[in-house]
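Please open the model in your viewer and keep a selection panel at hand. The stops below go from a single contact to the spaces beside it and then to a sheet.

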Amino acid sequence: MPTAGKSPVIPTMRYRDAPAAIDWLGRVLGFAPRLVVPGEDGTIAHAQLVLGDGMVMLGSARDDEYGRLIAVPGPGGTNTQSACLVVDDVEAVHQRALAAGAEIVTPLQSPEYGGTFFACRDPEGHVWNIGSYDPWAEAGG
């Protein structure tokens with residue numbers, strides 16, 4: 001069983017420049033490094049970044065067994081999945097994303113189902129959905 005109170009779903013990603021991604025995800029989205037394992041030549045073998053009770057894991061893109069399964073976003077920024085972050089102050093994260101030059105792919109809005117949200121791409125094209133709508137709370141727990 002996963003640790004009580006922690007999400008059992010942990011997205012994993014690969015980045016061409018993982019050290020820069022760790023910095024950007026911290027400065028802009030609020031992630032804190034929990035574990036960063038350096039690789040060769042300035043790469044990252046494995047990193048765990050936390051935000052509240054959630055986590056993402058990432059590493060440098062490389063041609064290994066797992067790397068052939070997980071790709072960085074493709075031409076035109078194609079993603080096969082995206083992460084949703086529930087935050088207290090969506091507007092502050094939105095302002096940090098704009099200041100960092102993030103491509104806003106869905107403008108700041110208040111959808112019919114509640115909360116406020118926007119979506120942006122990080123510098124390598126991964127899509128991040130950031131909002132105040134908490135589906136755990138809205139679903140009753």
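**First stop: a salt bridge**

Select Lys6 and Asp53, whose side chains meet in a salt bridge at 3.2 Å, N to O (a salt bridge being a side-chain nitrogen of Lys or Arg within 4 Å of a carboxyl oxygen of Asp or Glu). The pair joins distant parts of the chain, with Lys6 in the segment before β1 and Asp53 in the loop between β3 (44–51) and β4, 47 residues apart; helices (H or I, at least four residues) and strands (E, at least two) are DSSP runs, numbered from the N terminus. The structure holds 7 salt bridges.

This is a predicted model, in which local features need pLDDT of at least 70 and side-chain atom pairs count only at pLDDT 80 or more, while totals for chains, interfaces and linings use all residues. Residues are numbered from 1 along each chain as its sequence is written, and side-chain values use heavy atoms, with hydrogens and water left out.

**Second stop: two pockets**

Keep Lys6 and Asp53 selected and add Pro2, Thr3, Ser7, Ile10, Arg34, Val50, Gly52, Gly54 and Met55, which together with that pair line the second largest pocket. A pocket is found on a 1 Å grid over the protein atoms alone, as an open set of points where a 1.4 Å probe fits, with protein on both sides within 12 Å along at least five of seven lines, and lining residues have an atom within 4 Å of a point. About 170 Å³ of space lies in this second largest pocket, a volume being the space filled by probe spheres set on the points, which are joined across faces, edges and corners.

Now move to the largest pocket, which holds about 1,200 Å³ of space. Of its 46 lining residues, select Pro11, Ser82, Ala83, Cys84 and Leu85, the closest to its centre. Elements giving two or more residues to this lining are β1 (12–15), β4 (54–60), β5 (83–86), β8 (127–131) and α3 (135–138), and the largest share, 5 residues, comes from β8.

**Third stop: the sheet**

Show β5, β8, β7 and β6 as a cartoon: these 4 strands form an open sheet in that order, with mixed pairing (two strands pair if DSSP finds at least two bridges between them). The edge strands are β5 and β6 (103–109), each pairing on one side only. β5 and β8 pair in the parallel sense over 4 bridges, and within this part of the tour Leu85 can be selected opposite Ile130 in β8.

Finally, select helix α1 (residues 18–29), which packs on the sheet and touches β5, β7 (117–121) and β8, where contact means heavy atoms within 4.5 Å. The direction of α1 makes about 20° with that of β8; axes are lines fitted to C-alpha atoms, for helices over the stretch in contact, and angles run from 0 to 180 degrees between N-to-C directions.
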